[in-house]
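This briefing covers the interior of a predicted model. It deals in turn with enclosed space, nonpolar packing, one loop residue and an open pocket.

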Amino acid sequence: MNRTTLSLLAGTAALAAVTGFAALNQPDAPGQDTARAAAELPVERTSLLCPSPSTSDLAETSYTSFTPVTKGTAGGGTAALTAAAGGPATPTDTASGKAGDKTGDKAGGKTGDKASGKKKAAQPVVAPKAPGTPAVGVTTGGDAPALLGTAEGKFAPGWTVQETTEVSAGSGRGLQGLTCGAPDTEFWFPGAGTSADRTDYVHLTNPDDSAAVVDIELYGKDGALASTVGEDITVPAHSSEPILLSTLTPEKQEDLTVHVNVRSGRLGAAVQALDAKLGGDWLAPSTEPAATQVVPGIPKDATAVRLIAYAPGDADADLKVQLASPSGLITPAGHETLHVKAGRTTSVDLGDVTRGEAGSLILTPTDQSTPVVAAVRVLRGKGDKQESAFIPAAAPVGARASVADNTAKTASLSLTAPKGEAKVKVTASAGSGGGTSASQTYTVKAGTTQEVRLPVPAGLKGTFALTVEPLTATPVYAARTLTVTQEGVSGFTIQTLPDDRGTVAVPQADEDVAVLQR
């Protein structure tokens, strides 16, 4: 009995550390301090998936890989991105000067020795040399592939990859950015669309050895949109499929919620929203349905903000809408509450709600607690110089979160503490081409959003990563904005910073054995 117990605990601890998802939770014994019953250990393996960035010949895409330094990690390990099956040319690693194999038909997953008929293995790209320093890869044109990423050992805890694409003209022009996501089985995307000016794709990427089967459901202002082609979609192993939303339904709607439900296997998912007049950006998934949602980091110069929400259950949701400004919580005039009918997507225009100061939307139930998902579309500029970006409702930073591909001129960071005052440490890493990291601690007052002045690495060369670490127990939300001006038009993209899941709770054997023996 004792030997079986110890084997179970050892196996669970190993699984938890390797996957970052498993944890063995024993029932609490009377008087037991559960905080002492588990240890936080660094994960030993992490997977990330980056969708194909663009089909535009004018696209220029950079991939930035970064792992923060984590105490307690083993000495070895690697982190690398490789092209999905059938993917075209892989990006050049600017740190090493080496590129993926571009011979033959320029397809990283298809190239091979024509004389021998043998396929060559996909070449890894954007491989960092050490935690704490970003590695950057670049590619141009419209045939860049989706990338499958794996980090192990010391590179696994907190590993993040930023995909940033500049498109100078055409539908979706501007700056498109995305934090590459982990594979999962369910995703919600409020804010997609099938209107005449929109060309939206949901990108599905399969990292595993077997095919995945997925259903895509669309919900508009009147409920579910009829579609038969959105069911039983197969995504082959180690491949990526972009699905054009307008092929799933004939209805033209400005605001939709996309539900991706994986019935077999795992997938990465992201929506690429391309607008003929307002540019384009990636729409990352909303955090899981909850009664309270926070949409952090709305820029101070936003000229129009559109809130989109969806209630996936059987009950309607009534939400109190507040803006966490630098001076505290305020209620947008005329938009004090939002009624969201069950199974329907609801949207409301909040105008220039931030009025020159960075802010975050706080959605809370007015009465009955009903889960919702939410996002905002943000516009900057006026007339024919407008550009758009999306911010999904986000999970809090938790213990730590990082975001890569920053420069002192292009990046800004917003911190929000809806429930109480918080102290937050922000660290700017060494640059991808050199420099020394720098840190600074900020105090964020309760109910406010603060756009902080970023620490800048000394002797900076290249881009740097930002790591956010709350020093108090109060929940903190964060978002980073990148801005690049082209021909007088400010392209921008916004990424939220949820917990990096760099550690996992593993039972302490001595205490758990005692619990099981009782």
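**Cavity, cores and a pocket**

The largest cavity in this predicted model has a volume of about 40 Å³. The count of cavities of 30 Å³ or more comes to one. Further topics are the nonpolar cores, Ser 195 and the second largest pocket.

**The largest cavity**

- Its lining consists of Arg 198, Ala 273, Leu 274, Asp 275, Leu 278, Gly 279, Arg 377, Ser 388 and Phe 390.
- Two elements, strand S20 (268-275) and strand S30 (387-392), give two or more residues to the lining of the largest cavity.
- S20 provides the largest share of that lining, with three residues.
- By residue class, the lining of the largest cavity holds four nonpolar, two polar and three charged residues.

**Nonpolar cores**

- The largest nonpolar core is made up of 28 residues, and Leu 307, Leu 361 and Val 376 have the most contacts inside it.
- Strand S24 (residues 317-325) contributes four residues, the largest share of this core.
- Leu 361 touches, among others, two of the residues just named, Leu 307 and Val 376.
- Setting aside residues up to four places away in sequence, the other residues that Leu 361 touches are Gln 293, Val 294, Val 295, Ile 298, Val 321, Gln 322, Leu 323 and Leu 350.
- A second core, separate from the largest, has 26 residues, including Leu 225, Leu 248, Leu 256 and Val 260.

**Ser 195**

- Ser 195 sits in the loop that runs between strand S13 (186-192) and strand S14 (198-206).
- Is Ser 195 buried or exposed? Its relative accessible area is 19%, so Ser 195 counts as buried, the cut-off being under 20%.
- Apart from neighbours within four places in sequence, Ser 195 has contacts with Lys 252, Gln 253 and Glu 254.

**The second largest pocket**

- The volume of the second largest pocket is about 410 Å³.
- Its lining has 17 residues, and those nearest the centre of the pocket are Pro 68, Val 69, Thr 70, Arg 400 and Glu 469.
- At least two lining residues of the second largest pocket come from each of strand S1 (38-42), strand S33 (422-428) and strand S38 (464-470).
- The lining of the second largest pocket divides into five nonpolar, seven polar and five charged residues.

Notes:
Residues numbered from 1 in each chain as written. Predicted model: local features only at pLDDT ≥ 70, side-chain atom pairs only at ≥ 80, totals over all residues. Heavy atoms only, no water. 1 Å grid on protein atoms, 1.4 Å probe; cavity = no way out; pocket = protein on both sides within 12 Å on 5 of 7 lines; lining within 4 Å. Points joined across faces, edges and corners; volume = space filled by probe spheres on them. Nonpolar A, V, L, I, M, F, W, Y, C, P; charged D, E, K, R; others polar. Core = buried A, V, L, I, M, F, W, Y, C linked by side-chain atoms within 4.5 Å. Buried < 20%, exposed > 50% of the residue type's maximum accessible area, 1.4 Å probe, protein only. Contact = heavy atoms within 4.5 Å.
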